[in-house]
Amino acid sequence: MTYLINDASDFSAEAVRGLVAAHPEHVSAVHGGVVRATETPEGQPALVIGGGSGHYPAFAGWVGPGMGHGAPCGNIFASPSASQVYSVARNAENGGGVILGFGNYAGDVLHFGAAAEKLRAEGVDVRIVKVSDDVASNSEENHRDRRGIAGDLPVFKIAGAAIEAGADVAEAERIAYKANDATRSFGLAFDGCTLPGAEEPLFHVAENTIGVGLGIHGEPGVKEVPMGTASEVADLLVDGVLEEDPGIGSGRVAVILNGLGTVKYEELFVVYGRVAERLETAGLTPVRPEVGEFVTSLDMAGLSLTVVHLDEELERHWTAPVDTPAYRRGEVPGERAPRTAFFTPGEEEVPAAQEESQRQARRVQEVIELFARICAEQEEELGRIDAIAGDGDHGQGMVLGGRGAVEAVAAALERGAGARTVLVHAGTAWAESAGGTSGALWGAALTAAGRALSDEQASDDAVKGQALLDAVDAVRRLGGAEVGDKTMIDAAVPFSGELRRGLDAGTPLAEAITAAAEVAQQAARDTADMTARLGRSRVLGDKSLGTPDPGAISFSLLMQALGEHLAES
């Protein structure tokens with residue numbers, strides 16, 4: 001259990017404050033996380049790595065020369081919000097673009113992706129790297145769809161070293177994915193972890209058994225096997241990671257034996273002795289092996305083994321110097337200027353806008369206010385639908401998102417914002433205010449729509465139509481859903497297809513949106529006949545049959561209102 005807490009709800013934030021106080025030479029606190037205490041050199045890509053708290057030294061402990069430039073820190077086992085990711089990235093970025101790195105989990109994909117949409121709308125070159133090293137979580141041919149566990153360490157270490165050596169953002173992205181594709185991890189648990197303030201672990205493993213294939217967010221293993229000796233555990237780990245050959249044939253490997261919180265160093269060394277023997281037998285030479293705690297899961301009793309198959313390029317970056325609070329090797333060369341300026345969300349400069357774009361921004365305000373009004377009117381019904389096979393908060397989330405967006409738009413207009421900036425601010429506020437999956441998706445949609453508009457001039461109907469198409473594309477890209485999964489996409493994709501047909505045929509925008517909204521409404525109603533294949537509802541099987549998806553319904557309602565509003569304008 002976690003013994004030392006003040007308030008469980010403030011545990012993650014207090015831990016970050018303590019880290020900064022203990023390592024002021026390495027990290028500085030910003031909204032949502034930490035950045036290097038020194039400025040990012042001008043033109044150097046910023047490697048922003050993060051995820052939920054509870055995994056120290058990952059991720060805030062890896063911020064410093066040779067590795068990360070910043071780390072957004074979510075609550076325990078929860079993704080940082082899009083606003084937190086954006087804040088850290090804005091503080092870290094200095095003209096060279098940003099790489100957003102995180103383990104491949106749904107919440108992180110959504111919120112880092114939504115932050116990327118806003119950064120791209122501001123002209124920042126953003127690349128996303130999802131670590132996917134856990135062999136227990138998917139098949140070999142779907143390697144990039146696996147979970148990220150302790151492979152976070154070598155992937156971010158190698159990418160950070162490449163940046164330190166002069167790689168631009170595209171080259172760093174290439175090397176990061178090369179490292180990811182060469183990395184395999186396998187984990188075991190002997191008992192679950194306990195959240196701060198909780199009295200019981202998230203799961204238990206039966207006595208004298210091992211949970212095989214654990215996650216790092218308190219997920220149990222995918223199966224259980226009898227407990228063995230340290231050597232037998234080592235064999236289980238080695239067999240797991242060496243079952244696949246990523247195709248790099250140098251015979252040299254980076255090796256990380258990682259403790260998850262309760263299994264301590266002497267035990268890990270006992271296991272590593274056998275691991276080293278097995279690797280030698282397999283004809284593999286460990287290069288700078290690491291044994292210790294690197295990606296933990298609070299106090300989980302367990303361990304994992306990670307192997308990275310190296311070629312000359314990957315080995316050079318794996319062995320390069322690094323200097324962070326929790327991970328140090330050699331001396332990183334070069335003088336570094338202390339950080340003197342910090343970005344705080346809400347204080348960003350509003351780009352200059354021409355009067356015609358400002359007039360259009362006020363029409364955008366009317367639309368956002370309309371969306372908020374529809375969400376408030378439908379809150380109870382959306383909540384009722386969501387409660388049947390979800391957690392019942394969709395209506396509330398849409399209301400909170402709409403309300404936050406309305407406030408953000410008003411504030412941006414007071415500062416003279418144009419249409420592009422107003423929509424981007426609306427997207428950020430919607431995601432932050434609503435939270436959850438729908439908040440991230442609507443935030444990304446509004447941000448993507450904003451990117452299509454301009455602060456320099458008013459956009460014509462063709463551009464406005466493209467903005468709506470871009471919004472749906474962002475939802476599809478970030479959410480990972482397809483038609484038939486019983487999500488918002490089941491309404492959004494038919495809407496997009498019908499809208500594109502109307503625009504290509506020269507149909508006036510309001511008429512095209514209205515026709516597309518009718519298609520979306522029917523598609524949303526049709527989700528009642530579907531069984532959910534994605535999101536929380538998927539685990540409830542047929543319970544959602546007979547009830548439409550709330551996200552699809554809310555999307556169709558807002559698009560219907562948009563078409564009617566434009567027809568009346």
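**Two helix pairs and a pocket**

Let me start with α15 and α16, whose axes come within 8 Å and cross at roughly 160°. Because an angle over 145 degrees counts as roughly antiparallel, α15 is roughly antiparallel to α16, and their crossing is left-handed. I should say at once that this is a predicted model, so please take what follows as a description of that prediction.

On the α15 side the contact includes L509, I513, A517 and Q521, among others, while on the α16 side it includes A552, F555, M559 and L562. Sorted by class, the contact of α15 with α16 has 13 nonpolar, 5 polar and 2 charged residues.

The next pair is α13 and α14, which pack at an angle of about 150° with their axes 10 Å apart, and that makes α13 roughly antiparallel to α14. Here too we have a left-handed crossing, with α13 passing α14. Among the residues that meet are G465, L468, V472 and R476 in α13, and I489, V493, S496 and L503 in α14; by class, this contact divides into 10 nonpolar, 2 polar and 2 charged residues.

Which helices supply the lining of the second largest pocket? At least two residues each come from α9, α12, α13, α14, α15 and α16, a list that takes in both of the pairs I have just described. The space in this pocket is about 650 Å³, and of the 32 residues lining the pocket, V367, L423, K464, L468 and L562 are the closest to its centre. Finally, the lining comprises 25 nonpolar, 3 polar and 4 charged residues.

Key
Residues are numbered from 1 along each chain as its sequence is written. This is a predicted model: local features need pLDDT of at least 70, side-chain atom pairs count only at pLDDT 80 or more; totals for chains, interfaces and linings use all residues. Side-chain values use heavy atoms; hydrogens and water are left out. On a 1 Å grid over the protein atoms alone, a cavity is a set of points where a 1.4 Å probe fits but cannot get out, and a pocket is an open set with protein on both sides within 12 Å along at least five of seven lines; lining residues have an atom within 4 Å of a point. Grid points are joined across faces, edges and corners, and a volume is the space filled by probe spheres set on the points. Helices (H or I, at least four residues) and strands (E, at least two) are DSSP runs, numbered from the N terminus. Ala, Val, Leu, Ile, Met, Phe, Trp, Tyr, Cys and Pro count as nonpolar, Asp, Glu, Lys and Arg as charged, and the others, Gly among them, as polar. Axes are lines fitted to C-alpha atoms, for helices over the stretch in contact, and angles run from 0 to 180 degrees between N-to-C directions. Angles under 35 degrees count as roughly parallel, over 145 as roughly antiparallel, 65 to 115 as roughly perpendicular and the rest as oblique. A crossing is left-handed if the near helix is turned anticlockwise from the far one by less than a right angle, and right-handed if clockwise. Contact means heavy atoms within 4.5 Å.
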